[in-house]
Amino acid sequence: MSNYARLSYLVLSFLLVQSCKPQDSENTLVFNDELHSFANTKEVHTTHLNWDAAIDFDRKQVSGTATWNFVNDSNARYIHFDTYDLTIKKVKVNNKESQYFLSPMLEEYGSGLSIPIQQGDTVVSIEYFTGPQATALQWLKPEQTAGKQLPYMFTQCESIHARSLLPCQDLPSNRITYEAKLQVPKGMLAVMSAKNPIEKNKEGIYTYQMEIPVPTYLIALAVGDIEYKAIDERSGVYTEPSMLDAAWKELSDIPMMMTAAEKLGGPYRWGKYDVLIAPPSFPIGGMENPRLTFATPTIIAGDKSLVSLIAHEMAHSWSGNLVTNARWDDLWLNEGFTTYFERRIMESISGKSYTEMLWELGYQDMQSDFKDMGLNGEDTRLKVNLKKRNPGDAFSNIPYEKGAIFLRMLEEQTGREKFDAFMNAYFSEHAFKPTTTEQCLAFMDRNLFNGDSNRRNALKVREWIYETGLPDNCPKINPERFVLVDQQRALLESGAPVSTLNTMGWTTHEWLQFLRKMPRPTKMEWMTNLDQRFQLTKSTNSEIADEWFKLSIASNYKEAFDEMEIFLSQVGRKKFLEPLYMEMKKTPENLKMAQRIFAKYRNNYHPQTASKIEKILNAK
Ligand code: BES
Ligand code: ZN
């Protein structure tokens, strides 16, 4: 943070309009640099949102009114909101037009919006429109969609992007219910993380309800040529018409997953569980928007081999959406518990030998982060330090995989039965409450270790959470199915021709193991022969293609580059793009190719993805 002095500035009331009363000099719009927010929820917190908005594709703008109910517990004289690149048109408090103050923009955190309130006030309504820099929004041209006829837009609000969609108290610790009324262009359907319509209507006006309280990062919206197909009474899929059947087939195990999830987590509390398959530029794999997971179409492989991502987002219905990290430095509570939970769902529907492969691939991802950050890297702690840092900057596989394997260690050491009872109780006792790492550990002490601190110390719980690196009681993973894969690779390396490799019955995961461990560079002859025999350059499985392209760059196997460019022009998923651009950076010639490709397609990428790739290409 270059100009840190600006972080802790106070805005005195004389900046507000003069007619305010003398005590208004107490107005302090303070940016909290640990919570990444201007909101003063400790004094006055929002409880319900009524959002009335129109989606304008020509202007790439969302405009409307956010009406917030709030509770003023401590006789606060101001309510503070977060905004990012929003233009505020008018503010009313209890239906009377009001003054307001919008602070200067504080880098990626946006501007604080301060509104004077009086005792007895309960409602504030803010008329506004979004800006061109909105980090939560991606606007797609018709060419960027599957159908190519209508434009599309979607949001991605985690961690601190909801403020660029609407003014809100953008903290994971505050929960709100919401209702919305949206006007969208004719021929389009809009869906939210709420009770959703399942059909287009002529007017293009739709209404939504989320009557279960959620943090603001779980507000979500997608608008486009979207249709719905039910899988069962509780679940179904939303996507563009040309994708609908393929997506529906790929996701048909959702009811089975749900049965497995409820066994571990307790009853599903959100009513419906639907999935929106977004266009390919969706910047991440999936997002656990309540009632409606958003997911990348790159999981539609045709053989259900990538559906563990859905198990992951579904698992968030407990870990994350019910029990929510109180702060972003507690992110491992969301992602570590969810990754563990995801593996348990997969074990239940696909068996142990399958799931062990997922554990191993995740373990490898974690090891690769340890390699990049150093075993003593600050962000290898489960509880990270986010003071004066954007949550995105500390993001890695650590909260996911170190978090998950920590829980696996606890399960192995305490026994599955006891561990499952603990998980279940953890979800029900902390439901709808923001939870800190410390509260989670205290609950573990009581419910897993029965207050026996020796037991806790023997399992190195503090070290797991607060120290860098990996404690020495980390479980060992050794999937038998990968032993067979490694044997085949060893044969190749000892001179056996590609044509003799036995890959019978390999799933996506065996292929990933095979490719990840190939020597870099791999001999051109092997690349050519592997490609000829297994059509890897033309793979329609995004995970395999991505792994193959990485190996192709490292081995300078140029035959794959045209296909890779097509992949890079369409897919916006950061997890695929970042490693490819990083790999291309390694030689001057490939760096040139990376710069050319990025310049050509950056407009296809989500703003969050584009800025990340830009950083990669510009870093020394
Ligand atoms: N909640 C996350 C996505 C996220 C985390 C967005 C932090 C912004 C900040 C989501 O559940 C997730 O983890 N998605 C993964 C897929 C999963 C299978 C590991 C992804 O998008 O790659
Ligand atoms: Zn997750």
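1. A polar contact is a pair of N or O atoms within 3.5 Å; within protein, one must be able to donate a hydrogen and the other to accept it, and residues adjacent in sequence count only if both atoms are side-chain atoms. His316 supplies one such atom, in a side chain, 2.9 Å from an oxygen atom of ligand 1. The side chain of Tyr400 has an N or O atom 2.7 Å from an oxygen of ligand 1. For His312 the distance to an oxygen of ligand 1 is 3.2 Å.

2. Some ground rules. This is a predicted model, where local features need pLDDT of at least 70, side-chain atom pairs count only at pLDDT 80 or more, and totals for chains, interfaces and linings use all residues. Residues are numbered from 1 along each chain as its sequence is written, chains are lettered from A and ligands numbered from 1 in the order in which they are written, and side-chain values use heavy atoms, with hydrogens and water left out.

3. Now the surroundings of ligand 1. Around ligand 1 there are 15 residues, and Glu158, Gly285, Glu288, Glu313 and Tyr400 come nearest. (A residue is near a molecule or strand if one of its heavy atoms lies within 4 Å of it.) By class, this shell has five nonpolar, six polar and four charged residues. Ala, Val, Leu, Ile, Met, Phe, Trp, Tyr, Cys and Pro count as nonpolar, Asp, Glu, Lys and Arg as charged, and the others, Gly among them, as polar.

4. Which element gives the largest share of the shell around ligand 1? It is H3, with three residues. Helices (H or I, at least four residues) and strands (E, at least two) are DSSP runs, numbered from the N terminus. Domain 1 (3-133 + 156-214) and domain 2 (320-466) each give at least three residues to the shell. Those bounds come from an automatic or database domain assignment.

5. Next, charge pairs. Side chains of opposite charge can pair when their charged atoms come close. A salt bridge is a side-chain nitrogen of Lys or Arg within 4 Å of a carboxyl oxygen of Asp or Glu. The count by this rule is 45 salt bridges.

6. Glu438 and Lys383 form a salt bridge, with their closest N and O atoms 3.4 Å apart. This pair links distant parts of the chain: Glu438 is in helix H8 (residues 437-447), while Lys383 is in the loop between helix H5 (352-373) and helix H6 (398-414), 55 residues apart. Buried means under 20% relative accessible area, exposed over 50%, and partly exposed in between (1.4 Å probe, protein chains only). Glu438 is partly exposed at 35%, whereas Lys383 is buried at 15%. Both belong to a salt-bridge network with Glu34, Arg327, Asp329 and Asp330.

7. Lys600 and Glu565 also meet in a salt bridge, 3.6 Å from N to O. Lys600 lies in helix H17 (residues 588-601) and Glu565 in helix H15 (residues 561-570), so the pair ties together parts 35 residues apart in sequence. Is Glu565 buried or exposed? Glu565 is buried, at 12%. Lys600 is exposed, at 52%.

8. Check the backbone too. The peptide bond from Glu158 to Ser159 is cis, with omega near 0°. Another cis peptide bond joins Arg520 and Pro521, where omega is about -5°. Pro521 sits in the loop between helix H12 (508-516) and helix H13 (524-534). Lys60 is not a glycine, yet has a positive phi of about 50°.
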